[in-house]
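Visitor: I would like to learn how to read a ligand site in a model. Where should one begin?

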Amino acid sequence: MLLTLPDILSTEDLTLARRLLADAPWTDGRDSAGPQARTVKNNQQLPHDSEAAQSIRTMVLNGLNRSPLFFSAALPLRIFTPRVNRYGGEANTYGNHIDNAIRLKVNEAGQTEYVRTDVSCTVFLNDPDEYDGGELTVSDTYGTRGVKLPAGHAVLYPGTSLHQVTPVTRGHRLACFLWVQSMVRNDEQRRLLYELDMNILALRQQHGETPEATSLTGTYHNLLRMWAQT
Ligand SMILES: O=C(O)CCC(=O)C(=O)O
Ligand SMILES: [Fe+2]
């Protein structure tokens, strides 16, 4: 499932992010790529410990935590430390690849933990009219779709999908990206739960609390209980 999450970042967040990124310590994105991705990756990233990366990932994580849509669609168990990237100039593209299935994360307590990359997420940090190209194209069982969103919006797509960022031919594309290990590993099951949740929400808005809405809520939780791993 490919899903847009509008307004994950506020205007104030974006202004601060842009200021921090103006003179940030960009490094070669290949440093964090696996052997296949390394052959097609040509962009720039920020070191996890840079001031800009720390502030931007905090605002992104706060934004996602505030989003009921993110929770319902991703059912997050663990989130890999978000990274900030930039495409443009000589380092302008990331060709077709599938993200590494497992990432090693150092958590807040300084311990390492594995994160399985069930769901991928890109949060756009600048607007589409600031650059040409730079489309995130995602191919899954439903075909291939291109995504380019306004600053502050995010897209969720399955970690299992082949994807790329097409060459940026004018300006720079700035983004923050991250991976989620979901409580529900299977993309189809996660999509069914999301659709059920959204429909129950709409039914409740239209008709208030009814025995059917109560019963369907029970069905949602019983499916989640059956499929979730924590
Ligand atoms: O820049 C993006 O939108 C996605 C980046 C990406 O695919 C990756 O770093 O694995
Ligand atoms: Fe990727």
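**Reading the ligand site**

Guide: Begin with one polar contact: an oxygen atom of ligand 1 is 3.2 Å from an N or O atom in the side chain of His 97. Keep in mind that this is a predicted model.

Visitor: Which other side chains have an N or O atom at a listed distance from an oxygen atom of ligand 1?

Guide: A polar contact is a pair of N or O atoms within 3.5 Å. Thr 122 provides one such pair, its side-chain N or O atom being 2.9 Å from a ligand 1 oxygen. For the side chain of His 163, the distance from an N or O atom to an oxygen of ligand 1 is 3.1 Å.

Visitor: How much of ligand 1 does the protein bury?

Guide: Compare the area of the ligand alone with the part that the protein covers. Ligand 1 taken alone exposes 290 Å², and the protein buries 99% of that. The space that ligand 1 takes is the largest cavity.

Visitor: Which residues around ligand 1 come nearest?

Guide: A residue is counted as near if one of its heavy atoms lies within 4 Å. There are 13 residues around ligand 1, and those that come nearest are Asn 85, Tyr 87, Asp 99, Thr 122 and Arg 173. By class, the shell consists of 7 nonpolar, 4 polar and 2 charged residues.

Visitor: Which strands each supply at least two residues of that shell?

Guide: Map the shell onto the strands. At least two residues each come from β6 (83-87), β7 (93-97), β15 (162-165) and β17 (173-182). Of these, β17 gives the most to the shell, with 3 residues. His 97, with its contact to ligand 1, has its place in β7.

Visitor: Where does UniProt place the feature "binding site"?

Guide: Set the record beside the geometry. The unreviewed UniProt entry places "binding site" at His 97, Asp 99 and His 163. These residues are spread over 67 residues of sequence, yet they cluster in space, with a largest C-alpha distance of 8.6 Å. The lining of the largest cavity includes His 97, Asp 99 and His 163.

Visitor: What residues does UniProt list for "domain: Fe2OG dioxygenase"?

Guide: For a domain, read the limits from the record, then look at the span in the model. The unreviewed entry lists residues 78-182 under that name. The end C-alpha atoms of this span lie 7 Å apart, and the span is 0% helix and 61% strand.

Conventions: Residues numbered from 1 in each chain as written. Chains lettered and ligands numbered in written order. Predicted model: local features only at pLDDT ≥ 70, side-chain atom pairs only at ≥ 80, totals over all residues. Heavy atoms only, no water. Polar contact = N/O pair within 3.5 Å; in protein donor to acceptor, adjacent residues only side chain to side chain. Areas by Shrake-Rupley, 256 points an atom, 1.4 Å probe, with all protein chains shown as cover. 1 Å grid on protein atoms, 1.4 Å probe; cavity = no way out; pocket = protein on both sides within 12 Å on 5 of 7 lines; lining within 4 Å. Sits in = over half its atoms within 2 Å of the grid points. Helix = DSSP H or I, 4+ residues; strand = E, 2+ residues; numbered from the N terminus. Nonpolar A, V, L, I, M, F, W, Y, C, P; charged D, E, K, R; others polar. UniProt positions renumbered as here; feature names shortened; annotations may be inferred.
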